[in-house]
Amino acid sequence: MDYKKIFIRDACPTKMGGQAVMEGIMMKGERKTALAVRLSNGDIEIETKKTKTYGKWMKIPILRGVVAFIDSLVYGMGTLMDSAEILGEDEGEEYEKGRFEQWFEDKFGAKKLWNLMIAVSVVIALAFTVGVFIILPTGAVSLMKFFTDSVFWLNFAEGIVRIGLFVVYVWLISFMPDIKRVFQYHGAEHKTIHAFENGLELTPENCRSFPTLHPRCGTSFLMFVFIIAFALHFMLGWPSLWLRIVSRLLLLPVIAGISYELLKWAGRSDNRVVRILSTPGLLLQKITTKEPDDSMLEVAIAAVNATCDDTPPRKYTISSRPEMQFEYPHVWELGTIKADKEMN
């Protein structure tokens, strides 16, 4: 692993960050957030929104990490659903609502129905995460009580099982064709942010020269969560199963807060300690990021451009037709806006 290409000394770290979605990328800047999705005809559909801001209390260490984690989970799930909806409309798929969905929409409106669907999706995701990566490891390791009463080895085994389950899960889903493409868009996101933070013109050629690994990646955040949990659980001993489950759930906000602070530190520093702490997350990124093709880099570039221009939040489409190309101010020549409407 070439740390010099990941922790680039002359780069200017920014708050730019993103998320790979179905056939696209969500990019969040300080002022605007953009969702860019590649359509079946090659065009790129882009929707921008004002980036959500928080009060001064978001400057409080640890607490801001908890809020950022919850916000990224909810917003990330919503963005993933948005990309799926765009692709569904592009392919002409008609979704038939069930009786409950239709009743809820008629009574409360489409926006509240969408928020309900996001909330349900987040709850299901959290239930899966808690069940597989918290309850299952500590429950399974309980069987070791027949062989040892050592608090150290029981906690050590639980931590190893938890991390191992997560790595195997990510590795297995990486073979799914749709997930593999998402991981390629993830790589495109990182390469483009690297180019942006190095002050280069955003072209596929310039972006292509950077690695798919980035120190501020959400994958690294998750690995920080597992490692910090591994350390903190030792302090709680080895109580009964139910007490272990409750204590681990109660510790989650603290773990998320500490992990967030470590990730921020890793994003703006390149000293040896940061590199050592970041290594497990960077190794995991070798699974969650893949080399993108130029069409994916184009989507990432379009997403970054959309967060940086001075236009109000809007929805528009960039054409892929070469004869219709035009040059964005200070960025890359990509396409022509086919449709443009102000967003409420």
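**Exercise 1. Work out how E1, E2 and E3 are paired in this predicted model, and say which residues stand opposite each other.**

Start with E1 and E2: these two strands run antiparallel and share five bridges. For a concrete register, take Gln19, which sits across from Met26 in E2. Now look at the connection. E1 and E2 make a hairpin with two residues between them, and Glu23 in that turn has a positive phi of about 55 degrees.

Next, move on to E3. E2 and E3 are also antiparallel, joined by five bridges. Here Lys28 has Thr33 in E3 as its bridge partner. The link is again a hairpin, with three residues making the connection from E2 to E3.

Finally, check how covered E2 is. Four of its five residues are buried, so you can call the strand mostly covered.

**Exercise 2. Find what Glu23 and Arg31 hold on to through their side chains.**

Take Glu23 to begin with. Its salt-bridge partner is Arg181, with the closest N and O atoms 2.5 Å apart. That's a long-range link: Arg181 belongs to helix H6 (residues 177–197), while Glu23 is in the loop between strand E1 (17–21) and strand E2 (24–28), 158 residues away. How covered are the two ends? Arg181 has a relative accessible area of 30%, so it counts as partly exposed. Glu23 comes in at 21%, which makes it partly exposed as well.

Now for Arg31. Its side chain meets that of Asp310 in a salt bridge, 3.2 Å from N to O. Asp310 is in the loop between helix H11 (294–308) and strand E5 (314–318), and Arg31 in the loop between E2 and strand E3 (32–38), so this pair ties together parts 279 residues apart in sequence. Asp310 itself is exposed, at 68% relative accessible area.

**Exercise 3. Is the Glu298–Arg38 pair buried or exposed, and where do its two ends lie?**

First, the pair itself: Glu298 and Arg38 form a salt bridge, and their closest N and O atoms are 2.8 Å apart. Second, placement: Glu298 is in helix H11 and Arg38 in strand E3, 260 residues apart, so to speak distant parts of the chain. Third, cover: both Glu298 and Arg38 are buried.

While you're at it, look for shared partners. Lys32, Asp309 and Arg314 are joined into one network by salt bridges. The structure holds 14 salt bridges.

**Exercise 4. Describe the largest nonpolar core and place Met27 in it.**

Begin with the count: this core has 38 residues. Ile25, Met27, Ile44 and Ile46 have the most contacts inside it. Then ask who supplies it: H11 gives the largest share, nine residues.

Zoom in on Met27. Beyond its neighbours within four places in sequence, Met27 touches residues including Met16, Gly17, Thr33, Ala34, Glu189, Ile193, Ala300, Ala303 and Val304.

Don't stop there, though: a second, separate core has 10 residues, among them Phe224, Leu232, Ile255 and Leu263.

**Exercise 5. Which residues make the nonpolar surface patch, and how exposed is Phe156?**

The patch is built from Phe152, Trp153, Phe156 and Ile160, and covers about 400 Å². Pick out Phe156, which lies in helix H5 (residues 151–173). Its relative accessible area is 30%, so Phe156 is partly exposed.

Notes: Residues are numbered from 1 along each chain as its sequence is written. This is a predicted model: local features need pLDDT of at least 70, side-chain atom pairs count only at pLDDT 80 or more; totals for chains, interfaces and linings use all residues. Side-chain values use heavy atoms; hydrogens and water are left out. A salt bridge is a side-chain nitrogen of Lys or Arg within 4 Å of a carboxyl oxygen of Asp or Glu. Buried means under 20% relative accessible area, exposed over 50%, partly exposed in between (1.4 Å probe, protein chains only). Two strands pair if DSSP finds at least two bridges between them. A nonpolar core is a set of buried Ala, Val, Leu, Ile, Met, Phe, Trp, Tyr and Cys residues joined through side-chain atoms within 4.5 Å. Contact means heavy atoms within 4.5 Å. Patches are made of residues with over 30% relative accessible area and no salt bridge: like charges are joined within 9 Å, nonpolar side chains (Val, Leu, Ile, Met, Phe, Trp, Tyr) within 5 Å. Accessible areas come from the Shrake-Rupley method with a 1.4 Å probe; for residues, only the protein chains shown count as cover.
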